[in-house]
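Here is a short set of exercises to work through with a structure viewer open. Try each task before you read its solution.

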Amino acid sequence: EEVGSRMMTTQMAAAIGGVDDCTNEDIIDKLKMLGYEAQFCIPKSFKALTRAYFTRAGPNPNEQFFYFTSLVAWLMELCKRSFQAPKQFDDPNASSTAIIQELKNMDFSVKDIAPGKLRVGHGDAVLHVLNILLDKVMATEEVDFKAPEYPGDEYGDEVEMEGGEDDVADDVLSESEGEEEWFDPHRDVEEKGHNRTDASGNIESTVNPNDWRMEMERVTPMLRLTRQNDSKDWRSHLDWIISLLSTIEKMYPDVTHQLDRISDEISKAAEKIQKREMALSLQFDTLVDQYRSHQRDFDAISDNYKATSSSVDALTAELNTITEMLDNCKTEIHSREELMTDTTPLVKIKEAMAKVKQEIKEMELRIGVLQHNVLYHKLRHAATVPKPVVGHSTIMHGDQ
C-alpha cells in the first residue's frame, strides 16, 4: 500500500509539473542502504537529509547547492570516478557544467539537463541526477534486494486474562448478543429456539455446553493481542533509552575505574619521560655546545660562500659580455676582409668598359655608313642638276 501510494503521488506530481517528495524519500532510502550517514555525513560534517530537502528551495541556497555537489562527488567516488569535489564558494555555473560533463563521460543521457537547473540546488534535475548516480552505485556495489523478514510473534497463542476462559466466553457472548441486538431483526425468534425464560424473568440458555466450548476454542485465538514494532513509536524509543541508561549505569563504575587507572599510568609515564629528558640534556650538554659552535662556523662559511658565489656570478656575467663583444668584432673584421679581397666589382667594371668600347665601335661604324650614304646622295643629286651655259672662265670659277 505504501509503494502504491508513492507511485500515485509521483504520477500526480508529474502530471501537474511539480516535484514529488517520494523521489526524495527513495533517494534517502538508497543512501541509507549505502551507509551515507557514517561514510558521508559524519566525515564531512553534514546533517542527515530530510524527506523534502531537494524538492523545494531551502533558506540557504548556497548551502543546499554545496550539499548537492558534495553528495554527487561522493557518489562518483563510489563509482570509481576521479571527480574533484567543488568547494562551497566556487562558481555554481562552473560546478554545474563540470557535473554534467562528468555524467556525459559516464554515458548518462543528460541532454535535457541544463547547468541552470542544477545551480538552484533543488528540483527535478537535481533529483534525477542523484537517482541515476545511486542506481549506478548500487549496480557497482552489487546490492541485492531480498524479501522482507518479519519479526516473529513474541506472544503466546493465548492471552492470559483475569477470570480464565469463562470470562472470555461471557465477553464473546455479550458481544454477540449486542451485535444481534443491533443487526438481527429476528432476534426474538432465535431466542425462542435457544433460550427460555422462567417465571421470575431469568433467561436460561438451552445451548449444548460441548458445542459452546468448541465455539469458544475456535474464537479464542482470534482474540489474541498483537503488538506491532514501530520504529517511530515513542514508547519503543523510551524503552530503548531506559535500557541504554541502565547499561550505562552498570558500566559506569568499571569504566571510571579503568579511566582513572589509565590516567595514573599516563601521568607516571609522562613524569618518567620528563626525568629522562633532563638526564639526557645534562649528559649531552657538552655535545650540544660543540654542535652550536660548529653550527655557527657553518653559518659563517655559508655566508662567505654566498658572497663569493655572488662575485663569481658577476664576473661570469662580465666575461659573457666581453666574449659577446669579441665575437662581434671578429665577425665585423671577417666581413671587411671579405670585402677587401673580393674582385667582383673590378671584373664588373672591366666587363662594362668592354661593352662600352664595343658599343663605341658599332656607333662609329654606323656613323661611317651614314656619311657614305649622305655623300652618295649628294653626288647623285649634283649629277642630275643641269649646269648653266656661261663662259669658260665662269664655269671654272663655278666649279672651283
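The exercises below concern a predicted model, and each is followed by a worked solution.

**Exercise 1. Rings around Phe46**

Task: Classify the ring pairs that Phe46 forms with Phe40 and with Phe66.

Solution:
- Step 1. A pair of aromatic rings is described by the distance of the centres and the angle of the planes.
- Step 2. For Phe40 and Phe46, the centres are 5.3 Å apart and the planes differ by 10°. Planes under 30 degrees apart count as stacked, and this pair is stacked.
- Step 3. For Phe46 and Phe66, the centre-to-centre value is 5.7 Å and the angle is 45°. That pair is tilted.
- Step 4. Now place the second pair in the fold. Phe46 sits in the loop between helix H3 (36-44) and helix H4 (61-78), while Phe66 belongs to H4, so the pair ties together parts that are 20 residues apart in sequence.
- Step 5. Check the burial. Phe40 has 0% relative accessibility and counts as buried; Phe46, with 15%, is buried.
- Step 6. Widen the view: ring pairs join Phe40, Phe46, Tyr53, Phe54, Phe65, Phe66, Tyr67, Phe68 and Trp74 into a cluster. The structure has 10 aromatic pairs.

**Exercise 2. The nonpolar core**

Task: Which residues have the most contacts inside the largest nonpolar core, and which helix gives the largest share of this core?

Solution:
- Step 1. The largest nonpolar core holds 41 residues, and Phe68 and Leu75 have the most contacts inside it.
- Step 2. At least two core residues come from each of helix H2 (21-33), H3, H4, helix H5 (92-105) and helix H7 (124-141).
- Step 3. H4 gives the largest share, with 11 residues.

**Exercise 3. Salt bridges and sequence separation**

Task: Take three of the 7 salt bridges and say where the partners lie.

Solution:
- Step 1. Lys30 and Asp135 form a salt bridge with an N to O distance of 2.8 Å. Lys30 is in helix H2 and Asp135 in helix H7, so this pair ties together parts that are 105 residues apart in sequence. Lys30 is buried at 18% relative accessibility, whereas Asp135 is partly exposed at 37%.
- Step 2. In the bridge of Arg81 and Glu102, the closest N and O atoms are 3.0 Å apart. The loop between H4 and H5 carries Arg81, and helix H5 carries Glu102, so parts 21 residues apart in sequence are tied together. Arg81 is partly exposed, at 31%, and Glu102 is buried, at 12%.
- Step 3. Glu271 and Lys275 meet at 3.6 Å, N to O. Both are in helix H11, 4 residues apart, which is about one turn of the helix.

**Exercise 4. Positive phi**

Task: Where do Ser45 and Lys80 lie, and are they buried or exposed?

Solution:
- Step 1. Ser45 is not a glycine, yet its phi is positive, near 60°. Lys80 is another non-glycine with positive phi, about 65°.
- Step 2. Ser45 is in the loop between H3 and H4; Lys80 is in the loop between H4 and H5.
- Step 3. Ser45 counts as exposed at 67% relative accessibility, and Lys80 counts as exposed at 66%.

**Exercise 5. A surface patch**

Task: Which residues form a nonpolar patch on the surface with Trp240?

Solution:
- Step 1. Trp240 lies in helix H11 (residues 234-283) and, at 53% relative accessibility, counts as exposed.
- Step 2. Its patch partners are Ile241, Leu244, Ile248 and Tyr252. Together with Trp240 they have about 570 Å² of accessible area.

How values were computed: Residues are numbered from 1 along each chain as its sequence is written. This is a predicted model: local features need pLDDT of at least 70, side-chain atom pairs count only at pLDDT 80 or more; totals for chains, interfaces and linings use all residues. Side-chain values use heavy atoms; hydrogens and water are left out. Patches are made of residues with over 30% relative accessible area and no salt bridge: like charges are joined within 9 Å, nonpolar side chains (Val, Leu, Ile, Met, Phe, Trp, Tyr) within 5 Å. Accessible areas come from the Shrake-Rupley method with a 1.4 Å probe; for residues, only the protein chains shown count as cover. A salt bridge is a side-chain nitrogen of Lys or Arg within 4 Å of a carboxyl oxygen of Asp or Glu. Buried means under 20% relative accessible area, exposed over 50%, partly exposed in between (1.4 Å probe, protein chains only). Rings of Phe, Tyr and Trp (its six-membered ring) pair if their centres lie within 6.5 Å; planes under 30 degrees apart count as stacked, over 60 as edge-to-face and the rest as tilted. A nonpolar core is a set of buried Ala, Val, Leu, Ile, Met, Phe, Trp, Tyr and Cys residues joined through side-chain atoms within 4.5 Å.
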